[in-house]
Amino acid sequence: MRITQGCFSFLPDLNDDQITKQVEYILGKEWAVSLEYTDDPHPRNTYWEMWGHPMFDLRDAKGVMMELDECRKANPDTYIRIQAFDNTRGFETVMMSFIVNRPEVEPTFHMQRTDVDGRSQRYAWDARR
């Protein structure tokens, strides 16, 4: 099962040239960039591990791509995402987020629906690898 979170999640994986173009777009908007990784991509897991510090005042996409390469080397079998933050309002707002690395085998989720009293339903799920 392919995890679909963030921008471009229903498209084929972006190659490094396409990622660079997206980072250039982010930097053109003067947004800060961060890299995050996890092995638990559940939609409710919004707090992934941060790779390094957020990259404020960066002007060249090569800096992000170098950090991405290092993150991929250190965490090859995890999900890695790039996030863009806008802090013009005095607090950081996620403006863009997309996955740039996936493990070879992605987990699958099984959703079980149980009909209970009247027309009520209960849901349970479990992750399977």
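Me: Is C71 buried or exposed, and at what relative accessibility?

Reply: Burial is read from relative accessible area: buried means under 20%, exposed over 50%, and partly exposed in between, with a 1.4 Å probe and protein chains only. At 0% relative accessibility, C71 counts as buried. This is a predicted model, in which local features need pLDDT of at least 70, side-chain atom pairs count only at pLDDT 80 or more, and totals for chains, interfaces and linings use all residues. Residues are numbered from 1 along each chain as its sequence is written, and side-chain values use heavy atoms, with hydrogens and water left out.

Me: How many disulfides does the structure hold?

Reply: A disulfide is a covalent bond between the sulfur atoms of two cysteines. The criterion applied here is a pair of cysteine sulfur atoms within 2.5 Å. The structure holds zero disulfides.

Me: Why is C7 not bonded to C71?

Reply: The closest cysteine sulfur to that of C7 belongs to C71, and because the two are 19 Å apart, they are too far for a bond. C71 is likewise in no disulfide. As for its surroundings, C7 is partly exposed, with a relative accessible area of 31%.

Me: Which order of helices and strands does the protein follow along the sequence?

Reply: Helices (H or I, at least four residues) and strands (E, at least two) are DSSP runs, numbered from the N terminus. The protein has two helices and six strands, and read along the sequence they give the pattern α-β-β-α-β-β-β-β. The C-alpha atoms fill a box of roughly 60 × 35 × 25 Å, taken along the principal axes.

Me: How many residues make up the largest nonpolar core, and which elements contribute to it?

Reply: A nonpolar core is a set of buried Ala, Val, Leu, Ile, Met, Phe, Trp, Tyr and Cys residues joined through side-chain atoms within 4.5 Å. The largest one here has 21 residues, and those with the most contacts inside it are I19, I26, I82 and F98. Two or more residues each come from helix 1 (16–28), strand 1 (32–38), helix 2 (61–74), strand 3 (79–86) and strand 4 (93–101). Helix 2 gives the most, with five residues.

Me: Which residues does I26 contact beyond its neighbours in sequence?

Reply: Contact means heavy atoms within 4.5 Å. Leaving aside neighbours within four places in sequence, I26 is in contact with W31, V33, I82, A84, M96 and F98.

Me: Where does W31 lie, and is W31 buried or exposed?

Reply: W31 lies in the loop between helix 1 and strand 1, and is buried, with a relative accessible area of 13%. Residues up to four places away in sequence not being counted, W31 touches Y25, I26, A84, F85, D86, M95 and M96. The C-alpha atoms of W31 and T93 are separated by 9.6 Å, although these residues are 62 apart along the chain.

Me: Which residues does I99 touch?

Reply: I99 is found in strand 4 and counts as buried at 13% relative accessibility. Residues up to four places away in sequence aside, I99 touches I3, Q5, W48, Y79, I80 and R81. I99 and G6 are 93 residues apart in sequence, yet 7.0 Å apart in space, C-alpha to C-alpha. For the protein as a whole, among contacts between residues at least 6 apart in sequence, 53% join residues at least 24 apart.

Me: What is the sign of phi in E30 and in D57?

Reply: Most residues other than glycine have a negative phi. In E30, phi is near 65 degrees, a positive value in a residue other than glycine. E30 has its place in the loop between helix 1 and strand 1 and is exposed, with a relative accessible area of 61%. Phi of D57 is also positive, near 55 degrees. D57 is found in the loop between strand 2 (49–55) and helix 2, and counts as exposed at 67% relative accessibility.

Me: What share of the residues in the protein is buried?

Reply: Buried residues make up 36% of the 129 residues in the protein.
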